[in-house]
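The following exercises are to be worked through with the sequence and the model side by side. Each task is followed by a solution in steps.

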Amino acid sequence: MPSDYHVHIERGPYTIDWLKKFVDTALDKGLTKIGISEHGYRFDKGYDAFGSDGFRGEWIKKYNGQDIDEYVSLINEAKSMGLPVKLGIEADYIPGKEKELMDFLKPYPWDYVIGSIHWIGDWGIDLDECLDIWESCDVDSVYLEYFNMVEKMAETCIFDFIGHIDLVKIFKYRPTPMVYDKIEENIKNIAKTGIAVEVSTAGWRKPVGEIYPSKEIMSLIKKYNIPILVNSDAHTPEDIARDFDKAYNYVKSFGIDTLNYFDKRKRIPYKI
C-alpha cells in the first residue's frame, strides 16, 4: 500500500501527540503507513559513528543530544497502539566508521536503515554554510568522489536503501556529460548489492528544483533493475507525501511499476 518511509519528527518532542500529527496527515493523504527515520547524528550514542575532530564534529554537536532509546520507545509504543508506523533511521555513511555505525545500530529493532551521504570528509555538501566551497572545487571530481562513496556505502550491506542518491546536485552544480559514463559503473556495482534506491520528492523543495534522482541517474536505475521506493523526506506533517502524484508519474515514465517497502529489514514489493 502507498507509504512514505522517509519522515523526520525531530522538530518536535518525542511524544505520541506530536507523532499523531504526522500519522493523521498521512492517513488524510491516502497513505497506509509512514516510516519515521530520525537522523542518526542527532543521538548522543551516535557521535562516534558520525562525528569528527573537524567541522563535521563541531556541526553535529550543535544538533546532537537526543536519546535514541526514547525515540525507539516512542515508535514501539505507537506500534503497540496500532498506529501505522515503522521504525527507521537515516544514517550518514562515513568511510572508516563502519564498525562504529554497526555498533550504534545493532541494539535496536529497525524496520529499515537509510544510507545517505551528506559529507565528503568535513565538507557538508548540502549545507548553506559550506556553499562557498563549491565555488572553488572541480565539480566533475566532486561527483566522481561522491558516487564512489555511494557505491562503497551500498557494498557495506549495512543499509536497506539509499536516500536522495544524487543529493550532490542540491545547489545546481552539474558535472560534464562524460562523468555519467563513470557513474554508470557505480550504479552497475550498486545493483549487485541488492540495495534499494529512494526516489525523493524533496528535491523539488530544494534549490535544484528537481526530483532525486535526475533523469540520467533514473535511467541507470531502470537499466540495472534496482528496486525503488518513493519518499518525501518530510520534516513537517505538511510535507508528508508531498508531490507523490508527480513522483509516481515520473517513476512510471521509466517503465517502473513496483515500489518497495520494508518490515524488520525485509523488502516487500508493491505494484503501483
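## Exercise 1. Overall form

Task: For this predicted model, establish what share of the 272 residues in the chain is buried, and decide whether the radius of gyration agrees or disagrees with that of a compact globule.

Solution.
Step 1. Buried residues account for 57% of the 272 residues in the chain.
Step 2. A compact globule of 272 residues would have a radius of gyration near 19 Å; the chain has 18 Å, and the two therefore agree.
Step 3. The extent of the C-alpha trace along its principal axes is about 50 × 45 × 30 Å.
Step 4. The secondary structure consists of 10 helices and 11 strands. Among contacts with a separation of 6 or more, 75% join residues 24 or more positions apart.

## Exercise 2. Surface and charge

Task: Determine what part of the accessible surface belongs to carbon and sulfur atoms, and how far apart the mean positions of the positive and negative charges lie.

Solution.
Step 1. The chain has an accessible surface of about 11,700 Å², and carbon and sulfur atoms contribute 49% of this area.
Step 2. There are 35 positive and 46 negative charges in the chain, and their mean positions are separated by 5 Å.

## Exercise 3. Cysteines

Task: Count the disulfides, explain why Cys130 is too far from Cys137 for a bond, and classify Cys130 and Cys157 as buried or exposed.

Solution.
Step 1. A disulfide requires two cysteine sulfur atoms within 2.5 Å. The count by this rule is 0.
Step 2. For Cys130, the closest cysteine sulfur is that of Cys137, at 12 Å, so the pair is too far apart for a bond.
Step 3. Buried means under 20% relative accessible area and exposed means over 50%. Cys130, at 5% relative accessibility, is therefore buried, whereas Cys157, at 58%, is exposed.

## Exercise 4. Phe161 and Ser214

Task: Locate Phe161 and Ser214 in the secondary structure, and state which residues Ser214 touches.

Solution.
Step 1. Phe161 belongs to strand β7, which covers residues 161-162. Its relative accessibility is 0%, so Phe161 counts as buried.
Step 2. Leaving aside residues up to four places away in sequence, the contacts of Phe161 include Tyr5, Tyr112, Ile195, Leu229 and Phe262.
Step 3. Ser214 lies in the loop between β8 (196-200) and α9 (215-223). With a relative accessible area of 2%, Ser214 is buried.
Step 4. With residues up to four places away in sequence not counted, Ser214 touches Asp166, Lys169 and Tyr250.
Step 5. Tyr250 can also be placed relative to Phe161: the two are 89 residues apart in sequence, and their C-alpha atoms are 19 Å apart in space.

## Exercise 5. Backbone geometry in two loops

Task: Is the peptide bond from Tyr212 to Pro213 cis or trans? In addition, state where Ala241 and Asp243 are placed, and give the phi value of Ala241 and of Asp243.

Solution.
Step 1. Omega for the bond from Tyr212 to Pro213 is near -5°, and the bond is cis. Pro213 is placed in the loop between β8 and α9.
Step 2. Ala241 is in the loop between β9 (228-231) and α10 (244-252). Asp243 is likewise in the loop between β9 and α10.
Step 3. Ala241 is not a glycine, yet its phi is positive, near 60°. Asp243, also a residue other than glycine, has a positive phi of about 65°.
Step 4. The relative accessible area of Ala241 is 12%, so Ala241 is buried; for Asp243 the value is 26%, so Asp243 is partly exposed.

Technical notes
Residues numbered from 1 in each chain as written. Predicted model: local features only at pLDDT ≥ 70, side-chain atom pairs only at ≥ 80, totals over all residues. Heavy atoms only, no water. Helix = DSSP H or I, 4+ residues; strand = E, 2+ residues; numbered from the N terminus. Rg over C-alpha atoms; globule rule 2.2 N^0.38 Å. Buried < 20%, exposed > 50% of the residue type's maximum accessible area, 1.4 Å probe, protein only. Contact = heavy atoms within 4.5 Å. Areas by Shrake-Rupley, 256 points an atom, 1.4 Å probe, with all protein chains shown as cover. Lys, Arg positive; Asp, Glu negative; His and termini not counted. Charge placed at Lys NZ, Arg CZ, Asp CG, Glu CD.
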